[in-house]
Amino acid sequence: MQTSFWKITITTILLVSALFFAGCEKETESDNGNSSSLSGIWVRTLGASGDETDIAIGDISGEPSNRVYMCEWKGAVGLYKGYISGSTITWDSQYGLPNASVRKVGSQLEFYYPSVSGSLPTYYNAGSWSNRCGELKYTPKNIYYRWTTSSTCSFPSGYTLTYNYPDLPSSLTKSQLYGPIAPGLIRMKMSGNDYSNNLSGPAPGYSKRTYTHIIYAYDNTLNRCVFQLNSDINSILTYVDEQ
């Protein structure tokens, strides 16, 4: 009689445990496959690479609920956009990026590229958008951009300047106006060095912003022509807003 009692008790415990864990497993699977549960702003935890990234999934003003923005502001600098379906992010074709997979692991977001051999997952905590790649909202393409040199300095031979920006070709002709393009972080490369500047939209009431970036100009302190490729206040990057 006593033995039967213990058999029934143990069986009951095992059955309840099985139902509990099955419920947890089902909840986890559902969470990973439901893109709405991944919505929010995620900030990359700092690792050995030092790369810093913000990811916004949904809740982007002017965009559909499945839109994704990724701002890389230390590493592969730039703003990347895509769409999420379930746990898969498909990036807009101009970036040439493989599909990414995301899922919730506890309170964190796990991000990785399943098709890239040796790719390791990176982890993100809930946070806020840094605005380093511009505001978190859809903005129309109403920016124009050109690079040139000052009238006293000709661009030196033997140097090449290339760009990494979704709306621009990689090689730009001096003094030619390009646009319209969307706001974002414009990335330049010269002699193996990376430089970047943020291009923002026109002020309220204006429909167009034209940037002029003087790449090579005369420096009165040094008494010679020097490159002006910086990401700080010394960079000769000016703009004019128009109606």
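**Exercise 1. Handedness of the Cys153–Cys225 link**

Task: State which hand the disulfide of Cys153 and Cys225 has, using the angle about its S-S bond.

Solution.
- The angle about the S-S bond of Cys153 and Cys225 is -80 degrees, and the link is left-handed.
- The model is predicted.
- The sulfur atoms of Cys153 and Cys225 lie 2.0 Å apart. The cut-off for a disulfide is 2.5 Å.
- Now place the ends. Cys153 sits in the loop between β9 and β10 (162-164), and Cys225 in strand β15 (residues 224-227).
- The two cysteines are 72 residues apart, so this pair links distant parts of the chain.

**Exercise 2. Burial at the two ends**

Task: Classify Cys153 and Cys225 as buried, partly exposed or exposed.

Solution.
- Recall the cut-offs: buried is under 20% relative accessible area, exposed is over 50%, and partly exposed is in between.
- Cys153 has 2% relative accessibility, so Cys153 is buried.
- Cys225 has 22%, so Cys225 counts as partly exposed.

**Exercise 3. The Cys71–Cys133 disulfide**

Task: Describe the bond between Cys71 and Cys133: its S to S distance, its hand and its place in the chain.

Solution.
- Start with the distance. Cys71 is joined to Cys133 at 2.1 Å, S to S.
- Next, the torsion. About the S-S bond of Cys71 and Cys133 it is about 75 degrees, so this disulfide is right-handed.
- Then the location. Cys71 belongs to strand β3 (residues 67-74). Cys133 lies in the loop between β8 (122-126) and β9 (143-149).
- The pair is 62 residues apart and links distant parts of the chain.
- Last, burial. Cys71, at 0% relative accessibility, is buried. Cys133, with a relative accessible area of 2%, is buried too.

**Exercise 4. Disulfide pattern**

Task: How many disulfides does the structure hold, and what pattern do they follow?

Solution.
- The structure holds two disulfides.
- Count the bonded cysteines along the chain. The pattern reads 1-2, 3-4.

**Exercise 5. The barrel**

Task: Give the strand order of the barrel, then find the partner of Glu110.

Solution.
- Eight strands close into the barrel, in the order β1-β2-β3-β4-β5-β6-β7-β8. Their pairing is antiparallel.
- Backbone hydrogen bonds are what pair the strands of a sheet.
- On average, neighbouring strands of this sheet are turned by 30 degrees against each other, direction ignored.
- Focus on one pair. Strand β7 (residues 108-112) meets β8 in the antiparallel sense over three bridges.
- The bridge partner of Glu110 in β8 is Tyr123.

Technical notes
Residues numbered from 1 in each chain as written. Predicted model: local features only at pLDDT ≥ 70, side-chain atom pairs only at ≥ 80, totals over all residues. Heavy atoms only, no water. Helix = DSSP H or I, 4+ residues; strand = E, 2+ residues; numbered from the N terminus. Buried < 20%, exposed > 50% of the residue type's maximum accessible area, 1.4 Å probe, protein only. Pairing = 2+ DSSP bridges. Axes fitted to C-alpha atoms, helices over the stretch in contact; angles between N-to-C directions.
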